[in-house]
Structure formats: structure tokens, C-alpha cells
Amino acid sequence: MTMNTIKQTIESLLAKLPDGCSIEDVQYHLYVLAKIQQGLEAAETQGTVTQAEAEERLNKWLT
């Protein structure tokens, strides 16, 4: 997987959005991209849990 610069990522996003999109549309998509990036970085530094561990942790809330 290649690592894009922030500028390349934004350019790619803008190319995918329709011509008539609003500033709010762009802001929303940038926000989502930022949150995804933060989640991926957290997964790398803090680790992840297995599906079974997640189900066990959530089980008390689901019953």
C-alpha cells in the first residue's frame, strides 16, 4: 500500500466529489477521512481486539 501525502489525499477526495458540492460536503468528507486516519493510527499504536474479545466485552450490553 502506498502512503499518500495529505495533499494527494485531498486532491483525490476533491476529484471524486461532484462539481456542485458545497463547502460543508467537503468539510464532512475531510472530517471522516481524519477520523479514519486517527482510528488506523490508534490501531497501530494501541493494538486491536479480536472479534471474540469484542463480542465478550459487548455481551453485557446486549443481554
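1. Let's start in the middle of things: Ile36 is found in helix α2. Is Ile36 buried, partly exposed or exposed? Its relative accessibility is 47%, so Ile36 counts as partly exposed, because that label covers values between 20% and 50%. Keep in mind as you look at the picture that this is a predicted model.

2. Now pick Glu11 as a partner for Ile36. These two residues are 25 residues apart along the chain, and their C-alpha atoms are separated by 17 Å.

3. Ala34 is another resident of helix α2. With 35% relative accessibility, Ala34 counts as partly exposed too. Try pairing Ala34 with Thr9: they sit 25 residues apart in sequence, and the C-alpha to C-alpha distance in space is 11 Å.

4. His29 also lies in helix α2. How accessible is His29? The value is 30% relative accessibility, so His29 goes down as partly exposed. From His29 to Thr50 you count 21 residues in sequence, while the two C-alpha atoms are 29 Å apart in space.

5. Time to zoom out. How many helices and strands are there in the chain? You should find three helices and zero strands, and reading from the N terminus on, the elements run α-α-α. The radius of gyration of the chain is 17 Å, well over the 11 Å that the globule rule gives for 63 residues, so the chain is more spread out than a compact globule.

6. If you want the dimensions, the C-alpha trace spans about 45 × 30 × 15 Å along its principal axes. What share of the 63 residues is buried? Buried residues make up 5% of them, where buried means under 20% relative accessible area.

7. On to the surface. The chain has an accessible surface of about 6000 Å², and carbon and sulfur atoms account for 58% of that.

8. Have a look at the nonpolar patch as well. Which residues form this patch on the surface? They are Ile6, Ile10, Leu14, Leu30 and Leu33, and together they have about 410 Å² of accessible area. Helices α1 (6-16) and α2 (23-46) each supply at least two residues of the patch, with α1 giving the most, namely three residues.

9. Leu14 is one of the patch residues, and its place is in helix α1. Its relative accessible area is 44%, so Leu14 is partly exposed; the cut-off for being called exposed is over 50%.

10. Last point, on charges. The chain carries 5 positive and 9 negative charges. How far apart are the mean positions of these two sets? The answer is 4 Å.

Conventions. Residues numbered from 1 in each chain as written. Predicted model: local features only at pLDDT ≥ 70, side-chain atom pairs only at ≥ 80, totals over all residues. Heavy atoms only, no water. Patch = residues over 30% accessible without salt bridge, like charges linked within 9 Å, V, L, I, M, F, W, Y side chains within 5 Å. Areas by Shrake-Rupley, 256 points an atom, 1.4 Å probe, with all protein chains shown as cover. Salt bridge = Lys/Arg side-chain N within 4 Å of Asp/Glu carboxyl O. Helix = DSSP H or I, 4+ residues; strand = E, 2+ residues; numbered from the N terminus. Buried < 20%, exposed > 50% of the residue type's maximum accessible area, 1.4 Å probe, protein only. Rg over C-alpha atoms; globule rule 2.2 N^0.38 Å. Lys, Arg positive; Asp, Glu negative; His and termini not counted. Charge placed at Lys NZ, Arg CZ, Asp CG, Glu CD.
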